[in-house]
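Here are some worked exercises on helix packing, burial and backbone geometry. Have a go at each task before you read its solution.

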Amino acid sequence: MGSMTAWQLAKHGIPITGYERFSSPHDRSSHAGQGRFFRVAYHEGVEYIPALIRARKLWLELQEEAGQQILRECGFLTIGDLTSPWLTELMKGVAEHGLRHQILEGTDFTARFPGHKPLADNESGVIDELGGITYPEHAVRSALSLARDRGATLHTYTDVVAIEPHGTTVDITTADGTQTFDRVIVTTGAFGPPPGLTLSRPIRVDRLFHSWFHTNKPADYTFETFLPFMRQSAGLEDYEVGIAGGPSPDGEIVRAGATVPYYRGDVDPDALDRTVPLDYVRRMSEVLGEYLPGIDPNPTRSAVYMDGYTDDLRPVIDTVGETTLVLSGFSGHGFKFSPLVGALAASWAISGDAGPLRSAFVTSPDHHE
């Protein structure tokens, strides 16, 4: 969120100073891991679709400015029972917004996607033609590079130890001293805000597991034959959102995973356990080996990342007086929206109106301290 906000502010010609606790990009953020799904047909709620359409336009704008592929417009595949709640909601959004899509069943699905386990009689595959996959590290680097090119001053490896609003100004303190600004936008990721600020709602930090697999049938797992996907089939009830995956950027291996709730846990972001439990790897290998029969079910590597979640899975968008905006807790579906969040945060810096941000995410009323 911070990188996209810097890009958008710099586009408006606004002098900005940015602080990042780590490098940027880095692997202590929910954006890490080479790829993030982008979907417009959205089972999480029809109300998100207008924001996703706007975000997609901004992703392509960033890509054009950067001269580097950031959003791969390959489409996104959702597999399941069309009468299930998540596909019912997805298809409701497709109908209401006239989204370009395809529905495949039976042998048509198998011919198009040979790397997947064939569909059960009650299952369908829905292709969201506006979907695809974003390359987050490229996106963050490109946004920050463009911001610097337009005059932004960006500090990495700089911990903000305090943020203190004072009426019409805000003091930011780091190890190098204190600076005063007219407006401050705080994007915390999975970490809580610095001293001086509190969030209106609590954030739970969960571990995210990513794994990469070689394939035994490479031709079945290219971007032409194996779209980024999510699947919720009978037998996957133990997994919160079924299984998901897609080709890696190099097109040679598959990134895939399954979310088992009791492996996630509420963690301290400053003491993240980055060990991948072997029992989790075993369970994931079994299920992925069944549903993606052409992969080697033993992962080449696995990694742990983290993200911040709210109880209602909607982000915290807080304002403190007229000078400070705090963005946090995007609950596992924030990155796809991030260029829009950056644009709306930049608009807040100019106008002082956080309403469009809250409208995009249907969040709670304004919060003031």
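**Warm-up: after the helix**

Just after α7, G352 has a positive phi of about 80°. Helices here are DSSP runs of H or I with at least four residues, strands are E runs of at least two, and both are numbered from the N terminus. This is a predicted model, where local features need pLDDT of at least 70, side-chain atom pairs count only at pLDDT 80 or more, and totals for chains, interfaces and linings use all residues. Residues are numbered from 1 along each chain as its sequence is written, and side-chain values use heavy atoms, with hydrogens and water left out.

**Exercise 1. Work out how α1 and α7 pack against each other.**

*Solution.*

Step 1: pick the descriptors. Two packed helices are described by the angle between their axes and the distance between the axes.

Step 2: get the numbers. For α1 (residues 2-11) and α7 (residues 338-351), the angle is about 50° and the axes are 7 Å apart. The axes are lines fitted to C-alpha atoms, for helices over the stretch in contact, and angles run from 0 to 180 degrees between N-to-C directions.

Step 3: classify the angle. Under 35 degrees counts as roughly parallel, over 145 as roughly antiparallel, 65 to 115 as roughly perpendicular and the rest as oblique. α1 and α7 are therefore oblique to each other.

Step 4: add the handedness. The α1 and α7 crossing is right-handed, a label that applies if the near helix is turned clockwise from the far one by less than a right angle, with anticlockwise giving left-handed.

Step 5: list who touches whom. With contact meaning heavy atoms within 4.5 Å, α1 brings M4, T5, W7, Q8 and L9, and they meet S338, P339, G342, A343, A345, A346 and A349 of α7. Sorted by class, that contact has 8 nonpolar, 4 polar and no charged residues. The nonpolar class is Ala, Val, Leu, Ile, Met, Phe, Trp, Tyr, Cys and Pro, the charged class is Asp, Glu, Lys and Arg, and the others, Gly among them, are polar.

**Exercise 2. Repeat the analysis for α1 and α2.**

*Solution.*

Step 1: the α1 and α2 axes cross at roughly 70° and come within 13 Å. That makes α1 roughly perpendicular to α2.

Step 2: on the α1 side, M4, W7, Q8 and K11 meet L58, W59, E61, L62 and E65 of α2. The residues of this contact split into 5 nonpolar, 1 polar and 3 charged.

**Exercise 3. Check the span of α7 and of α2, then look at which of their residues are buried.**

*Solution.*

Step 1: the expected span of a helix is 1.5 Å times one less than its number of residues. α7, with 14 residues, reaches 20 Å from its first C-alpha to its last, close to the 20 Å expected. For the 18 residues of α2, the expected span is 26 Å and the end C-alpha atoms are 25 Å apart, which agrees.

Step 2: apply the burial cut-offs: buried is under 20% relative accessible area, exposed is over 50% and partly exposed is in between (1.4 Å probe, protein chains only). In α7, 11 of the 14 residues are buried, so this helix is largely enclosed by the rest of the structure. What covers those buried residues includes α1, α2 (49-66), β12 (184-187), β18 (316-320), β19 (324-328) and α8 (355-361).

Step 3: the buried residues of α2 are I49, A51, L52, A55, R56, L58, W59, L62 and Q63. Just after α2, G67 has a positive phi of about 65°.

**Exercise 4. Is D128 buried or exposed, and what does D128 contact?**

*Solution.*

Step 1: D128 sits in strand β6 (residues 123-128).

Step 2: at a relative accessible area of 4%, D128 is buried.

Step 3: leaving aside neighbours within four places in sequence, D128 contacts R39, V40, A41, G75, F76 and R100.

**Exercise 5. Describe the backbone geometry at P25, Y157 and L313.**

*Solution.*

Step 1: the S24 to P25 peptide bond is cis, with omega near 5°. P25 is in the loop between β1 (17-19) and β2 (36-38).

Step 2: Y157 isn't a glycine, yet has a positive phi of about 50°. Its relative accessibility is 62%, and Y157 counts as exposed.

Step 3: L313 isn't a glycine either, and has a positive phi of about 65°. L313 is partly exposed, at 42% relative accessible area.
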